[in-house]
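Student: I should like to take a close look at one part of this structure. Could you please guide me through how some of its helices are arranged against one another, and how single residues fit into that arrangement?

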Amino acid sequence: MTTLLTPQRERWLLLTLASIQFTSVLDFMIMMPLGPQLTQLFGISAGQFGFLVSAYTFSAGLSGFLASTYIDRLGRKRMMLTFYPLFGLAALACSLAPSFGWLMVARVASGFFGGVLMALSQTIVAEVIPFERRGRAMGVVMTSFSVATVAGVPLALFLVSHFNWHAPFVAIAIMVAVVATVASQILPSLKGHLQTHADGNALRVILANLRAVVVDPNHLRAFAMSASMVFAGFAVIPYITLYLQANAGFQAEQIPYVYLFGGISTLATARWIGHWSDRAGKAYAFRRLALLMPLPLLGMTLSAELPKAGVLVVSSILFVVMSGRMIPGMALIGASADPQRRGSFMTLNSAVQSLAMGSAALVGGLILGRDGNGHLTHYWVAALVGGSASVLSFVLSSKLRLHGTTAP
């Protein structure tokens with residue numbers, strides 16, 4: 001079920017979805033480089049900070065599970081224009097947080113409304129872009145991660161250094177207001193998935209649709225692959241800033257360079273990876289990157305003794321591989337969905353990913369410790385756990401049955 005758009009309208013749609021993704025990714029990512037400031041300000045441990053990061057993802061997971069019961073009964077545009085402004089209000093609430101408890105509540109709200117946005121964006125791409133060009137389309141949307149790291153995070157840290165940690169969330173709320181206005185004009189309604197049901201029993205229809213999604217063996221394999229794919233990175237990623245400042249001697253003002261160089265690298269490679277996955281095959285591209293992922297993960301956690309330039313090289317490779325896997329990976333997962341239930345499937349998948357992110361951050365936080373000099377310890381163990389998850393995603397990717405393509 002594909003809605004055909006003109007090339008110009010298609011480009012504007014992808015740019016709009018990328019902008020929506022940019023604000024949601026930035027809202028999530030900005031917490032990680034704020035780790036040292038927040039742990040010192042609120043007097044919390046690395047494990048408690050991990051729980052603060054996880055609160056967003058667990059809330060997003062809950063939101064995804066709830067949304068999966070009704071997403072295929074509402075138009076995609078209506079859903080997006082409801083949840084996205086509420087996400088902006090939650091970001092504004094973060095900016096007003098006077099205490100750790102208030103911030104925790106605001107992060108839960110951000111996750112609840114933001115957790116559905118990625119699933120909606122990916123669902124719209126899957127319904128508008130033919131599979132043969134979906135790798136490139138996903139590459140455009142996924143560049144939001146690169147732009148968030150190359151421009152968003154450094155700019156947010158600049159606001160923190162010149163104002164306070166509240167300022168980036170004010171900026172996010174303002175951006176959401178602008179992008180939501182544009183989205184109201186650009187997004188197609190996409191109501192072709194809506195169905196009428198003669199019996200009128202909405203609850204029975206909802207439960208039957210949800211059951212059809214979760215009992216499909218192909219869907220379950222896709223969910224397992226998706227969970228292991230994101231778990232791999234988030235056992236390590238949330239603690240990079242803490243590690244670099246505590247172990248590698250980075251100063252707070254040097255941390256933006258990690259995200260700047262990592263973002264530039266991913267921005268430069270995302271479109272190439274999208275084209276490569278279309279030419280060579282999504283499964284082939286994903287499996288190569290999934291097998292490569294454990295190396296930069298382990299390298300990042302053992303990089304403290306390297307010169308700072310070496311640390312930037314290792315962290316940039318990690319960003320490239322981590323985000324690069326998502327381009328063919330999400331194309332495979334989207335093609336695994338039953339087209340009539342793609343919205344429910346993608347929303348559940350987003351919930352699964354959010355829960356996997358939160359679990360990975362908690363596991364990483366539980367693994368980490370500190371020695372007498374304040375250095376983080378056992379970070380490399382978290383990398384081994386994440387690397388094992390990446391290998392599992394490699395195995396699961398070969399088990400998927402894809403719709404709308406004859407690809408293996």
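Tutor: What follows is a close look at the packing of helix H9 against helix H14, with a second helix pair afterwards for reference. Please bear in mind that this is a predicted model.

Helix H9 covers residues 217–234 and helix H14 covers residues 308–335. The two pack at an angle of about 170°, and their axes lie 11 Å apart. An angle over 145 degrees counts as roughly antiparallel, and H9 is therefore roughly antiparallel to H14.

Which residues in H9 and H14 meet? On the side of H9 they are Ala222, Met225, Ser226, Met229, Val230, Ala232 and Gly233. Their counterparts in H14 are Met322, Arg325, Met326, Gly329, Met330, Leu332 and Ile333. Sorted by class, the residues of this contact comprise 10 nonpolar, 3 polar and 1 charged.

Ile333 deserves attention of its own. This residue is found in helix H14. Is Ile333 buried or exposed? Its relative accessibility is 0%, so Ile333 counts as buried, given that buried means under 20%. If neighbours within four places in sequence are left aside, Ile333 is in contact with Ala222, Met225, Ser226 and Met229, and also with Phe345 and Asn349. A separation in sequence can be set beside a distance in space: Ile333 and Asn218 are 115 residues apart in sequence, while their C-alpha atoms are 9.9 Å apart.

We may now turn to the second pair. Helix H4, residues 76–95, packs with helix H5, residues 100–128, at an angle of about 155°, and their axes are 8 Å apart. H4 and H5 are therefore roughly antiparallel to each other. The crossing in which H4 passes H5 is left-handed. The contact of H4 with H5 has 20 nonpolar residues, together with 4 polar and 3 charged ones.

Finally, consider Ser59, which is found in helix H3, residues 46–67. Ser59 has a relative accessible area of 7%, and it is therefore buried. Which residues is Ser59 in contact with, leaving aside its neighbours within four places in sequence? They are Val108, Gly111 and Phe112. With Val108 there is a further detail: the side chain of Ser59 reaches the backbone oxygen of Val108 at 2.5 Å.

Technical notes. Residues numbered from 1 in each chain as written. Predicted model: local features only at pLDDT ≥ 70, side-chain atom pairs only at ≥ 80, totals over all residues. Heavy atoms only, no water. Axes fitted to C-alpha atoms, helices over the stretch in contact; angles between N-to-C directions. Helix = DSSP H or I, 4+ residues; strand = E, 2+ residues; numbered from the N terminus. Parallel < 35°, antiparallel > 145°, perpendicular 65-115°, else oblique. Left-handed = near helix turned anticlockwise from the far one by under 90°. Nonpolar A, V, L, I, M, F, W, Y, C, P; charged D, E, K, R; others polar. Buried < 20%, exposed > 50% of the residue type's maximum accessible area, 1.4 Å probe, protein only. Polar contact = N/O pair within 3.5 Å; in protein donor to acceptor, adjacent residues only side chain to side chain. Contact = heavy atoms within 4.5 Å.
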